[in-house]
Amino acid sequence: MQRRDFLFMAGAASLTPATAASGAGSAAASAAGSRVMALDDHGAEAEWSVTGKTDPDAVALIEAWIGKSARAVAAYYGKFPVPRVLISVRFTSDRQRVGGRAWPFSPPRLELTVPVNADETALMRDDWVLVHEMTHLAFPYIPSRRHDWMVEGLAVYVEPIARIMAGHMDARQMWTDFIRMMPRGLPAPGDMGYDVTQNWARTYWGGAIFCLVCDIRCRQATDNRKGLRDALRGINAETDFSRDAGFAETLALGDKATGTTTLTDAWKQMREEPYDPDLEALWKSLGVMVAGSGLGFDDSAPLAPLRRAITTA
Ligand SMILES: [Zn+2]
């Protein structure tokens with residue numbers, strides 16, 4: 001099973017909680033046995049704790065895992081998205097894969113479950129879950145669940161780009177995953193727009209399609225000078241997961257940062273009516289194509305410069 005199939009396994013990367021209230025407190029802020037570590041060069045730090053397996057090697061592995069994941073997210077956003085985060089990691093024999101959840105407290109809190117036998121390969125090379133959860137920290141908590149497709153879709157879209165920018169992953173892997181998985185986010189017969197028809201595939205992969213299309217449209221509108229990364233950095237400069245925000249206002253913050261109306265226009269286009277792009281044509285125009293058992297890039301394709309810019313700092 002490939003890594004992104006995990007997104008279809010309940011609990012692997014849970015939706016943000018519906019009932020958690022922003023500013024609800026700082027649970028476990030001073031939990032016994034917690035540690036503090038720096039997450040970037042701008043003063044962001046994590047207060048983190050490990051339960052279920054606390055030998056020095058296990059603790060060191062978790063510290064390295066948190067640090068590596070934070071570097072990827074900071075590479076994408078220019079800094080770690082929040083000044084302080086609480087991270088609790090629980091080793092368990094009940095799970096076969098890493099699971100995670102983000103809670104919009106102040107400071108925000110991440111809960112991770114890790115298989116008790118997880119090794120360096122599982123956490124340091126293959127894991128995407130912690131980067132996904134950390135990505136949630138850069139976007140405000142949107143109380144209306146109608147927009148979960150954006151919240152989860154951007155985490156699906158940003159996570160591999162962040163890891164590529166940090167040198168943790170090859171761009172070919174990301175495009176291979178997108179080609180294989182994004183068709184699942186297309187509307188089925190009878191489906192409506194993103195705000196109306198909600199299921200796992202539309203939420204995670206439909207939302208990721210929205211992000212990819214907005215990245216491309218923004219770059220086309222700005223001669224490839226601004227992209228979705230600039231929009232999301234602009235949003236994170238004004239707010240984060242410890243605060244509530246309206247969806248339209250949040251998109252407007254992103255548009256202000258790029259000097260375009262890309263996000264707002266795309267939302268208006270796709271919120272009620274199903275958006276059904278020709279993904280095959282899109283891959284061709286970006287210059288990504290399956291070649292045998294691998295993936296090839298065509299740098300003469302019309303959108304190849306945009307494709308390269310998407311994963312380059
Ligand atoms: Zn998520």
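A residue counts as buried here if 20 or more other C-beta atoms lie within 10 Å of its own C-beta atom. By that criterion Trp 103 is buried, because 21 other C-beta atoms lie within 10 Å. The model is a predicted one. The protein has 313 residues, of which 43% count as buried, and its secondary structure comes to 11 helices and 7 strands. Among contacts between residues at least 6 apart in sequence, 67% join residues at least 24 apart.

**Helix α4**

- Helix α4 covers residues 148-165, and its 18 residues should span 26 Å at 1.5 Å a residue. The C-alpha atoms at its ends are 25 Å apart, which agrees with that expectation.
- A kink of about 25° is found in α4 at Val 158, and the proline Pro 160 follows shortly after.
- Of the 18 residues of α4, 18 are buried, so the rest of the structure largely encloses this helix.
- Gly 167, just after α4, has a positive phi of about 80°.

**Contact of α1 with α4**

- Two packed helices are described by the angle between their axes and by the distance between the axes.
- The axes of α1 (residues 56-77) and α4 come within 8 Å and cross at roughly 95°. Angles of 65 to 115 degrees count as roughly perpendicular, and α1 and α4 are therefore roughly perpendicular to each other.
- On the α1 side the contact is made by Ala 72, Val 73, Ala 75 and Tyr 76. These meet Val 158, Ile 161, Ala 162, Arg 163 and Met 165 of α4.
- Sorted by class, the residues of this contact are 8 nonpolar, no polar and 1 charged.
- Val 158 thus appears in two places: at the kink of α4 and in the contact with α1.

**Helix α7 and its partners**

- In α7 (residues 228-238), the buried residues are Leu 228, Arg 229, Asp 230, Ala 231, Leu 232, Ile 235 and Asn 236.
- The helices against which these buried residues pack are α1, α4, α6 (200-221), α8 (247-258) and α9 (262-270).

**Strand β4 and the loop after it**

- Trp 103, the buried residue of the opening sentences, is found in strand β4 (residues 99-103).
- His 136 is 33 residues from Trp 103 along the chain, and the C-alpha atoms of the two are separated by 9.2 Å.
- The loop between β4 and β5 (109-115) holds Pro 107. The peptide bond from Ser 106 to Pro 107 is cis, with omega near 0°.

**Loop between α6 and α7**

- Most residues other than glycine have a negative phi, and most peptide bonds are trans.
- Asp 223 lies in the loop between α6 and α7, and its phi is positive, near 55°, in a residue other than glycine. Asp 223 counts as exposed, because it has 8 C-beta neighbours inside 10 Å.
- Asn 224 has its place in the loop between α6 and α7. Its phi is also positive, at about 65°, although Asn 224 is not a glycine. With 16 other C-beta atoms within 10 Å, Asn 224 is partly exposed.

Definitions and conventions. Residues are numbered from 1 along each chain as its sequence is written. This is a predicted model: local features need pLDDT of at least 70, side-chain atom pairs count only at pLDDT 80 or more; totals for chains, interfaces and linings use all residues. Helices (H or I, at least four residues) and strands (E, at least two) are DSSP runs, numbered from the N terminus. The expected span of a helix is 1.5 Å times one less than its number of residues. The bend at a residue is the angle between axes fitted to the seven residues ending there and the seven starting there. A residue is buried if 20 or more other C-beta atoms lie within 10 Å of its own, exposed if 12 or fewer, and partly exposed in between; C-beta atoms are placed from the backbone. Axes are lines fitted to C-alpha atoms, for helices over the stretch in contact, and angles run from 0 to 180 degrees between N-to-C directions. Angles under 35 degrees count as roughly parallel, over 145 as roughly antiparallel, 65 to 115 as roughly perpendicular and the rest as oblique. Two residues are in contact if their C-beta atoms, placed from the backbone, lie within 7 Å. Ala, Val, Leu, Ile, Met, Phe, Trp, Tyr, Cys and Pro count as nonpolar, Asp, Glu, Lys and Arg as charged, and the others, Gly among them, as polar.
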